[in-house]
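Here are some short exercises to work through with the sequence and the 3D view side by side. Try each task yourself before you read the worked solution.

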Amino acid sequence: MIDQSRKEDITVEIIDYKPKFARHFHDINVEWLEEFFTVEPFDRIVLNDPDEHIIRQGGFIFFARAKGEIVGTCALLKHAQKKYELAKMGVIKPYRGLGIGRKLAQAAIDKALTLGADTLVLATSKKLEAANRLYHSMGFQEADRSIIGPLPYKRESIVLAMHF
């Protein structure tokens, strides 16, 4: 267990995807999805083969490593030439509340900017209160659902966007 009062003692490194990390992408996302929702068929498709459904489609996956362990992840999905989606972001329970989600989201924002994006979107749920506070604090604002397109999930979602 991580002592939350000593979070300044934890060094977090954000690293890029390598196929050997695919199981971490799967497991971290399944953990939070099962905690708050259910893992839906489209989740399984993406989580079971991130190389095909994210990397080969022009997207990116980032990982947070602390104390030699992968403790968080997020994806940057390519939608169009200048539009990307922040997706599948999760941090394992013992490391939540330590600012790791912010570091992952910032890595995705920085990458989107480097790629020349003018819009970064995400789908979230009102149930994910901590995540939504983070997104709003980073500059995301509620947006019309049409900006992201049809969502492949049954869970109720809201859409947030950041324009550069």
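Please keep in mind that this is a predicted model.

**Exercise 1. Decide whether S125 is buried or exposed, and describe its surroundings.**

Step 1. Start with the accessibility: S125 has a relative accessible area of 6%. The limit for buried is under 20%, so S125 counts as buried.

Step 2. Next, find its place in the chain. S125 belongs to the loop between β5 (119-124) and α5 (129-137).

Step 3. Now look for partners, setting aside neighbours within four places in sequence. S125 is in contact with F37, N132, E156 and I158.

Step 4. One of these partners, F37, leads to another feature: the charged end of R155 sits over the ring of F37, 5.5 Å from its centre.

**Exercise 2. Work out the strand order of the sheet and how its neighbours are joined.**

Step 1. Trace the sheet from side to side. It is open, has seven strands in the order β1-β2-β3-β4-β5-β7-β6, and shows mixed pairing.

Step 2. Pick out the edges. These are β1 and β6, each of which pairs on one side only.

Step 3. Follow β2 into β3 (residues 69-80). The two strands run antiparallel and are joined by seven bridges; one bridge pairs A66 with E69 in β3. They form a hairpin with two residues between them, and K67 in the turn has a positive phi of about 50°.

Step 4. Go on to β4 (residues 83-91). Seven bridges join β3 to β4, again in an antiparallel arrangement, and L76 has L86 in β4 as its bridge partner. This hairpin, too, has two residues between its strands.

Step 5. Cross to β5. Here β4 and β5 pair in the parallel sense over three bridges, and K83 stands opposite T119 in β5.

**Exercise 3. Find which residues have the most contacts inside the largest nonpolar core, and which helix gives the largest share of that core.**

Step 1. The largest nonpolar core has 50 residues, and those with the most contacts inside it are L86, Y95, I100, L120 and F140.

Step 2. Helix α4 (residues 100-114) supplies the largest share, seven residues.

Step 3. A separate core of six residues lies apart from it, with V121, I148, L151 and V159 among its members.

Step 4. Take a closer look at L86. Leaving aside neighbours within four places in sequence, L86 is in contact with C74, A75, A105, A108, L120, V121, L122, Y135 and F140.

Step 5. As background, nonpolar side chains in soluble globular proteins tend to be buried together.

**Exercise 4. Compare the span of α4 with the expected value, then list its buried residues.**

Step 1. With 15 residues, α4 reaches 21 Å from its first C-alpha to its last, close to the 21 Å expected at 1.5 Å a residue.

Step 2. The buried residues of α4 are I100, G101, L104, A105, A107, A108, I109 and A112.

Step 3. K111 has its charged end over the ring of F60, 4.5 Å from the ring centre.

Step 4. Just after α4, G116 takes a positive phi of about 85°.

**Exercise 5. Classify the ring pairs Y17 with F63 and F42 with Y153.**

Step 1. Note the total: the structure holds six aromatic pairs.

Step 2. For Y17 and F63, the ring centres are 6.2 Å apart and the planes meet at 25°, so this pair is stacked. The partners are 46 residues apart in the chain: Y17 is in the loop between β1 (12-16) and α1 (22-36), while F63 is in strand β2 (residues 60-66).

Step 3. Check their burial. Y17 is buried at a relative accessible area of 12%, and F63 is buried at 0%.

Step 4. For F42 and Y153, the centres are 5.9 Å apart and the planes are at 75°, so the pair is edge-to-face. F42 lies in helix α2 (residues 41-48) and Y153 in the loop between β6 (141-142) and β7 (158-163), 111 residues apart. F42 has 35% relative accessibility and counts as partly exposed.

Step 5. Finally, ring pairs link Y17, F21 and F63 into a cluster.

Key. Residues are numbered from 1 along each chain as its sequence is written. This is a predicted model: local features need pLDDT of at least 70, side-chain atom pairs count only at pLDDT 80 or more; totals for chains, interfaces and linings use all residues. Side-chain values use heavy atoms; hydrogens and water are left out. A nonpolar core is a set of buried Ala, Val, Leu, Ile, Met, Phe, Trp, Tyr and Cys residues joined through side-chain atoms within 4.5 Å. Buried means under 20% relative accessible area, exposed over 50%, partly exposed in between (1.4 Å probe, protein chains only). Helices (H or I, at least four residues) and strands (E, at least two) are DSSP runs, numbered from the N terminus. Contact means heavy atoms within 4.5 Å. Rings of Phe, Tyr and Trp (its six-membered ring) pair if their centres lie within 6.5 Å; planes under 30 degrees apart count as stacked, over 60 as edge-to-face and the rest as tilted. A charge sits over a ring if NZ of Lys or CZ of Arg is within 6 Å of the ring centre and within 35 degrees of the ring normal. The expected span of a helix is 1.5 Å times one less than its number of residues. Two strands pair if DSSP finds at least two bridges between them.
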